[in-house]
Structures are given as C-alpha cells and as structure tokens.
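Please open the model in your viewer and keep the sequence panel visible beside it. The stops below are meant to be selected in the order given.

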Amino acid sequence: MGTFEKPDPRIHYDRVTDAWGYLLGDDFHYGYFDSPDLPLHAATLALTELMASEAAFQTGMSVLDIGCGSGNPAVHLAREYGCRVLGITNSSIGVERATVRADKAGVSGLARFEVRDGMATGLQAHSFDRIWVMESSHLMPRKDLLLRECGRLLRTDGRLVLCDIVLLRQIPFPEVLSIRKELAVLDAVFGKATMQELSSYALMAEDAGITVRSQIDISRQTLPTFVCWRANADTYAYAVEELLGRGGIEEFQLACDILSRFWLDRLGYGVLVADAS
C-alpha cells in the first residue's frame, strides 16, 4: 500500500480533483439517503436541498460558499434560487473546474469562484446574507477562526449553514493510538483532517456572536454513502488508476471500509444552523 502521508489540504484537492469526479460524483460531498438504494447523485442533491431548506434562501441573496469543491452546489444555488454566490477554495484547480461548470450552466453572472482561505478570507465585513460551509471545515485546523470569520462576514439577520463529518464522542488517547494506522489512511485519501463534536461547533459559533438555531444529526442518513463510493471505485477503476495509480484505488477502498466501521460510533455527520445578531 505504500507509506501513508498527511497531505496539505491546500494541495490535496489539486491532486485528487479529477479522480474524485469518478469516485464521489459531481458534488464531492456525502449523500442524504432517505432509503439506502437511492442513487448517489440523488442523495448528494438531497443533502444540498436539506442545507438550502435550512438556509431559507431568497432571490438575490449574497451567498459565500466556503470550501466550494467542484462548484456544483454553488451552481445549484444560483440556478434554482437566484442567489449571487461567491465560492472560495484553497484549490486553484477547483476554481478552474467550478468556473467552467458555472459557465456551462449559464450562471457565470451569478456564481463566481476565487482562491481564498476560509479562516481568513480577506473579504469585506458584513457583506453576505448567507454563509454556506459544506463539508470543508474538517480540513481547517482552526475551526474557531472559521466561525469567527463567518460572524464577521454575515450581515445583520444573516445565517450560517454548515454540514460536515463530526465526532460522535470524545476518543481517548489510548484508543487514538490503537487506530492510528486507520487514521493515517483517512488522511492520505481525504486530506489531513481534525474532527470535532457538533456541540463544539455550536459553542464556537456562539463565541463568534452567532446564535445557534439547530444542531441536526444525520449520521444514519449519510452512512450509505460509502457503499456508493466503493461501487464507483469498482466501476471506474481503469480511469481512476490512470489518475491515482493502483495504490490510490486500494487506499480509497480501504478508507471507505474504515469509515463504514467508524460511522455511528466514533464518527458521524452533523448540520449546524446559526443566525447573526
């Protein structure tokens, strides 16, 4: 399998972007499965729609998408809700792909993308009605800085919607040591991550002056994602091998198995909704 490294999130997505189009689908995020046999593309759209429902979008709202990934959610928000979306990411390749996607969808006037750091964006304060953080915060080492930045950027009566992989419980250090090899695999495949409990996000949001409306545990609804990802690894093995090598496919499959074992015990998935004062 080779040596497992912990890649810098700033370069990790540049390396895996094309392969993940095959493995994860267009959205680059987990799915929300009302039933386990739902197709992955329908489940990832369902998660986007769950977040959009919590965001309560209105036409013309200014939205910051922190960690915009492939740009698919941002394009969806522009096309379906008429929002003006700025997507930011550390990945220059991600910006290129997302810009092309918006142009092909005919929403380049509403959705644009830039390379910026979600923990320190450099954007003007109080300039967004909604902030959308979809499955990117686990790659940010200072989640408190992310939440403070969200508080700084939101307009009065603005809203933050955030979803991500979370800890379901604190993991004692001896247990961390016992699973260190599995954690190294996850870092190698998905990028160097730090997980926190959803309640910790809520506390950091409150400290940043954002009032928490709801914390939603959707761990069970996201669990079938790994079966779909593993199936994609089998279906598109040749194309992915061309991009990541045979070892890359094997690491990805192993990571899916590890996440399946960890899910609903150590790891899960949460949604946080919070309003600016």
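The tour below moves through selected helices and strands of this predicted model.

**Stop 1: helix 3**

Select residues 72–81, which form helix 3. How many of the ten residues of helix 3 are buried? Seven of them are, so the helix is largely enclosed by the rest of the structure. To display the enclosed part, highlight Asn72, Pro73, Ala74, Val75, His76, Leu77 and Ala78, the buried residues of helix 3.

Next, show what surrounds these side chains. The buried residues of helix 3 pack against two helices, helix 2 and helix 4 (92–104). They also pack against strand 1 (62–66), strand 2 (84–89), strand 3 (111–115) and strand 4 (128–134). Before leaving this region, select Gly82, just after helix 3, where phi is positive at about 70°.

**Stop 2: helix 2 against helix 3**

Add residues 40–55, helix 2, to the selection. The two helices pack with their axes 11 Å apart and at an angle of about 60°. That angle makes helix 2 oblique to helix 3. Their crossing is right-handed.

Which residues of helix 2 meet helix 3? On the helix 2 side, select Leu45, Thr48, Glu49 and Ala52; on the helix 3 side, their partners are His76, Leu77 and Tyr81. Coloured by class, this contact of helix 2 with helix 3 shows four nonpolar, two polar and one charged residues. His76 and Leu77, already highlighted at the previous stop, belong to the buried set of helix 3.

**Stop 3: helix 7**

Move to residues 180–190, helix 7. Its buried residues are Ala184, Val185, Leu186, Asp187, Ala188, Val189 and Phe190. Continue along the chain to Gly191, just after helix 7, which takes a positive phi of about 100°.

**Stop 4: helix 10 and helix 11**

Select residues 225–235 for helix 10 and residues 237–262 for helix 11. These helices pack at an angle of about 155°, and their axes are 9 Å apart. Helix 10 and helix 11 are therefore roughly antiparallel to each other. The crossing of this pair is left-handed.

To display the contact, take Phe226, Trp229, Arg230, Asn232, Ala233, Asp234 and Thr235 from helix 10. From helix 11, take Ala237, Ile249, Phe252, Gln253, Cys256, Asp257, Leu259 and Ser260. The residues of the contact of helix 10 with helix 11 divide into eight nonpolar, four polar and three charged.

**Stop 5: Val212 in strand 6**

Select Val212, which lies in strand 6 (residues 210–217). Beyond its sequence neighbours up to four places away, Val212 touches Ala202, Ala205, Glu206, Leu272, Val273 and Ala274. For a distance across the model, pick the C-alpha atoms of Val212 and Gly31: they are 24 Å apart in space, with the two residues 181 apart in sequence.

**Stop 6: Asp275 in strand 7**

Finally, select Asp275 in strand 7 (residues 267–276). Is Asp275 buried or exposed? Asp275 is buried, because its relative accessible area is 17%, under the 20% cut-off.

Which side chains make polar contacts with that of Asp275? The side chain of Arg159 does so at 2.7 Å, and that of Arg213 at 3.3 Å. Both arginines also appear among the residues that Asp275 touches, together with Gly158, Gly209, Ile210 and Thr211, leaving aside residues up to four places away in sequence.

Definitions and conventions. Residues are numbered from 1 along each chain as its sequence is written. This is a predicted model: local features need pLDDT of at least 70, side-chain atom pairs count only at pLDDT 80 or more; totals for chains, interfaces and linings use all residues. Side-chain values use heavy atoms; hydrogens and water are left out. Axes are lines fitted to C-alpha atoms, for helices over the stretch in contact, and angles run from 0 to 180 degrees between N-to-C directions. Helices (H or I, at least four residues) and strands (E, at least two) are DSSP runs, numbered from the N terminus. Angles under 35 degrees count as roughly parallel, over 145 as roughly antiparallel, 65 to 115 as roughly perpendicular and the rest as oblique. A crossing is left-handed if the near helix is turned anticlockwise from the far one by less than a right angle, and right-handed if clockwise. Contact means heavy atoms within 4.5 Å. Ala, Val, Leu, Ile, Met, Phe, Trp, Tyr, Cys and Pro count as nonpolar, Asp, Glu, Lys and Arg as charged, and the others, Gly among them, as polar. Buried means under 20% relative accessible area, exposed over 50%, partly exposed in between (1.4 Å probe, protein chains only). A polar contact is a pair of N or O atoms within 3.5 Å; within protein, one must be able to donate a hydrogen and the other to accept it, and residues adjacent in sequence count only if both atoms are side-chain atoms.
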